[in-house]
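Me: I have a structure open that I have never looked at before. Could you walk me through some of its side-chain pairs and its sheet?

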Amino acid sequence: MCGIIAFSERGSVAPHLIKGLERLEYRGYDSAGIAVMSDCVIRTCKTTKRVNDLEAKYNAHPFYGGVGIGHTRWATHGAPTETNAHPHLSEDGHFAVVHNGIIENYEALRAELKSEGHFFKSETDTEVIVHLVEKYYNGSFLKAVLAAAKRLTGTFAAALLCIDEPDTVAVIRNFSPIIVGIGTDKTMASSDVSAIAEHTRKAVYLDDGEAALLRPDSVSFYDFDGNPVEKEITFLDGTEGDNGKNGAAHYMLKEIYEQPDAVRRLISEHLKDGEVSFSLPSLSREKLEDIDKICIVGCGSAYHAGVSGTTAFRRLAGIPAYSYIASEFRYMEPMVDSRSLVILISQSGETADTLASLREAKKRGAYTLGVVNVVGSLIAKECDDVVYTLAGHETAVATTKGYTTQLAALYMLALWLGSERKVLGDKRKKQLTKELAALPGIIEEALKTEAHAKAHAEEMKELESVFFIGRGTDYAAALEASLKMKEITYIHSECCPAGELKHGTISLIEPGTRVFALMSGGEVAAKTVNNIKEVRARGAHTVCCAPVSAAAELTDIDEMILLPDTEPLFFNIAQVIPFQFYAYYTALYRGCDIDKPRNLAKSVTVE
């Protein structure tokens with residue numbers, strides 16, 4: 001949600017700002033804009049369309065300068081209009097600001113500033129920042145920015161310009177990420193390292209309550225009291241940037257096909273000489289043996305991964321495990337304490353509700369473990385320990401490889417905990433380890449279902465509603481499959497535990513209704529078969545995904561998708577892939593914006 005880019009360099013900065021905004025498009029946005037210090041004036045260009053429209057508008061009337069800021073805005077306060085789009089200027093045009101997050105006390109600040117004669121042009125909370133800087137400015141840009149920052153309540157990362165310091169960008173951070181990059185004859189900042197990775201290998205992650213001044217040949221860091229701060233440089237490995245579509249029509253399709261390698265990379269990191277291992281420095285042997293409860297917390301696809309993970313932890317580690325939606329967990333007076341393991345799952349590592357849940361869990365004394373993709377992200381830094389999913393950069397808003405690597409990480413953690421706590425026998429552990437190592441190959445086989453999905457997806461382009469059913473881990477996979485469908489096709493998609501059909505949902509089944517059934521076999525397979533027959537008897541068009549060994553049990557199914565047999569507990573990592581293809585091709589036939597679906601953001605950094 002929202003993206004910041006800023007540069008101070010010896011050259012023309014606008015092309016770098018626009019390219020940076022392109023890198024940030026995947027986060028989701030309604031408008032975009034840039035501001036550049038040009039001939040001692042701050043000039044802006046904004047649009048309520050895509051970044052390519054912004055580029056066209058700029059090219060039609062270019063302006064030049066070496067210092068500038070840019071922004072992609074996901075609307076919260078005020079409609080997505082050019083007036084509300086960032087950057088915002090002070091009344092006298094002396095200052096400019098772009099901002100991520102929410103200023104919770106903006107109404108009080110706005111009223112105060114209005115009473116002092118300030119005139120507001122936009123409906124945004126952001127505009128109070130630039131008016132505060134104007135109010136406190138007395139010849140020192142840094143002091144004015146810090147004075148303004150100390151008046152703000154809420155989450156914010158911001159970048160600002162000042163006419164009197166034409167080679168300088170000021171950035172501040174409080175609970176919203178901002179990364180400073182140090183290059184050759186240039187410095188830069190962004191809310192996402194992928195936007196600056198092509199310009200530098202040196203990055204500095206600001207902490208809460210910190211600021212920085214960027215100039216072409218230097219960066220200085222401060223706390224909000226103005227005291228200088230020494231910061232550690234993180235050296236990027238070059239994998240943080242977006243490497244393009246590699247010939248695929250969409251990022252989502254490319255990332256679907258990257259899943260075997262992503263899962264293989266993760267498994268190789270933790271599976272050595274037939275043993276799964278993790279380095280978790282804060283998890284002592286005593287604490288590990290003392291764990292009596294596991295809570296897995298996430299939003300969207302991360303929550304769905306957690307639903308599967310709870311079953312793995314119960315069965316393999318013998319520990320009571322529960323999954324929670326982060327926005328609920330943080331407000332439910334969670335029953336966690338020093339004997340609880342709380343696992344926070346987030347692709348970006350900055351999901352607002354998940355971050356707040358982490359802080360709530362730590363406040364109650366729980367041991368916290370992050371499962372995230374982005375190195376150095378907020379959740380990764382604040383958890384007691386972290387497991388990186390190693391998915392690589394994911395650009396499409398609808399996650400694919402991010403989800404499957406989260407699942408694989410949870411499977412391995414459950415197996416490792418079960419082994420460390422002596423819950424698993426050697427024979428069972430060896431079998432499960434072998435099945436884990438085989439997962440990338442199983443995923444590769446699942447990719448062969450693309451042709452089937454493509455052939456049938458066109459039939460779905462006029463549908464208004466579809467249903468997904470499953471039991472146990474199949475239900476967890478069905479939740480994710482249903483989410484993929486609704487996210488990018490805009491078809492209403494409902495997921496129901498198969499055993500709950502008769503408690504209401506079956507009333508919605510009528511002739512021609514599409515019902516997708518997921519079945520991994522095992523003790524509840526026969527019951528799922530009965531549920532499929534129930535909806536088919538009412539005229540539903542049924543599609544079932546199951547292992548090859550279950551084929552004999554499935555008769556009178558309209559569409560069969562058979563995948564190689566594997567450990568039933570791990571089956572849903574491959575089981576969801578056919579439905580990624582169904583969602584992709586249905587969206588394609590419906591003419592939807594697959595990589596950037598409406599109203600959605602890749603990284604949800606506000607409540």
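Me: Let's start with two aromatic residues. Are Tyr411 and Phe570 buried or exposed?
Reply: Tyr411 is buried, and Phe570 is buried as well; please keep in mind throughout that this is a predicted model.

Me: How many aromatic pairs are there in the whole structure?
Reply: A search of the whole structure gives 14 aromatic pairs. One of them is formed by Tyr411 and Phe570, a tilted pair with 4.7 Å from centre to centre and 35° between the planes. This pair links distant parts of the chain, since Tyr411 belongs to helix H13 (residues 401–420) while Phe570 sits in the loop between strand S26 (559–563) and helix H19 (572–575), 159 residues apart.

Me: And Phe516 with Phe579, why is that pair called edge-to-face?
Reply: The ring centres of Phe516 and Phe579 are 5.6 Å apart and the planes stand at 80°, so the pair counts as edge-to-face, the cut-off for that label being over 60 degrees between the planes. Phe516 is in strand S24 and Phe579 is in helix H20 (residues 577–589), so the pair ties together parts that are 63 residues apart in sequence.

Me: How buried are those two?
Reply: Phe516 has a relative accessible area of 0% and is buried, and Phe579 is likewise buried with a relative accessible area of 0%.

Me: Which rings make up the cluster?
Reply: The cluster consists of Phe468, Phe516, Phe579 and Tyr582, which are linked by ring pairs.

Me: Switching to charges, how many salt bridges does the structure hold?
Reply: There are 38 salt bridges in the structure. Among them is the one between Arg514 and Glu459, whose closest N and O atoms are 2.6 Å apart. Because Arg514 lies in strand S24 (residues 514–518) and Glu459 in the loop between helix H16 (450–457) and strand S22 (465–470), this pair ties together parts that are 55 residues apart in sequence.

Me: Which end of that bridge is buried?
Reply: Arg514 counts as buried, at 6% relative accessibility, whereas Glu459 is partly exposed with a relative accessible area of 43%.

Me: What does Lys502 pair with?
Reply: The side chain of Lys502 meets that of Glu534 in a salt bridge, at 3.3 Å from N to O. Lys502 is found in the loop between strand S23 (492–497) and S24, and Glu534 is in helix H18 (residues 525–536), so the pair ties together parts that are 32 residues apart in sequence. Lys502 counts as exposed, at 51% relative accessibility, because the cut-off for exposed is over 50%.

Me: Where do Glu360 and Lys363 lie?
Reply: Both Glu360 and Lys363 are in helix H11 (residues 352–363), three residues apart, which is about one turn of the helix. They form a salt bridge in which the closest N and O atoms are 3.4 Å apart. Glu360 counts as buried at 13% relative accessibility, while Lys363 counts as exposed at 64%.

Me: Which residues are linked in a network of salt bridges?
Reply: Glu112, Glu116, Lys135 and Arg151 are linked in such a network.

Me: Do charges meet rings too, I mean, which ring does Arg50 lie over?
Reply: Arg50 lies over the face of Tyr29, at 4.9 Å from the ring centre. Arg598 lies over the face of Tyr490, at 3.9 Å from the ring centre.

Me: Now the sheet, what is the order of its six strands?
Reply: The six strands form an open sheet in the order S5-S6-S7-S8-S12-S13, with antiparallel pairing. Strand S5 (88–89) and strand S13 (218–223) stand at the edges with a single partner strand each, so one side of each is left without a neighbour in the sheet.

Me: How many bridges join S5 to S6?
Reply: Two bridges join S5 to strand S6 (residues 95–103), and these strands run antiparallel. Leu89 has Ala96 in S6 as its bridge partner.

Me: What lies across the sheet strands?
Reply: Helix H5 (residues 141–149) lies across S6, strand S7 (154–162), strand S8 (169–174), strand S12 (210–215) and S13, and runs at about 160° to S7.

Me: Last one, where is Gly499?
Reply: Gly499 is in the loop between S23 and S24, and at 28% relative accessibility it counts as partly exposed. Leaving aside residues up to four places away in sequence, Gly499 touches Arg471 and Asn531.

Key:
Residues are numbered from 1 along each chain as its sequence is written. This is a predicted model: local features need pLDDT of at least 70, side-chain atom pairs count only at pLDDT 80 or more; totals for chains, interfaces and linings use all residues. Side-chain values use heavy atoms; hydrogens and water are left out. A salt bridge is a side-chain nitrogen of Lys or Arg within 4 Å of a carboxyl oxygen of Asp or Glu. Helices (H or I, at least four residues) and strands (E, at least two) are DSSP runs, numbered from the N terminus. Buried means under 20% relative accessible area, exposed over 50%, partly exposed in between (1.4 Å probe, protein chains only). Rings of Phe, Tyr and Trp (its six-membered ring) pair if their centres lie within 6.5 Å; planes under 30 degrees apart count as stacked, over 60 as edge-to-face and the rest as tilted. A charge sits over a ring if NZ of Lys or CZ of Arg is within 6 Å of the ring centre and within 35 degrees of the ring normal. Two strands pair if DSSP finds at least two bridges between them. Contact means heavy atoms within 4.5 Å. Axes are lines fitted to C-alpha atoms, for helices over the stretch in contact, and angles run from 0 to 180 degrees between N-to-C directions.
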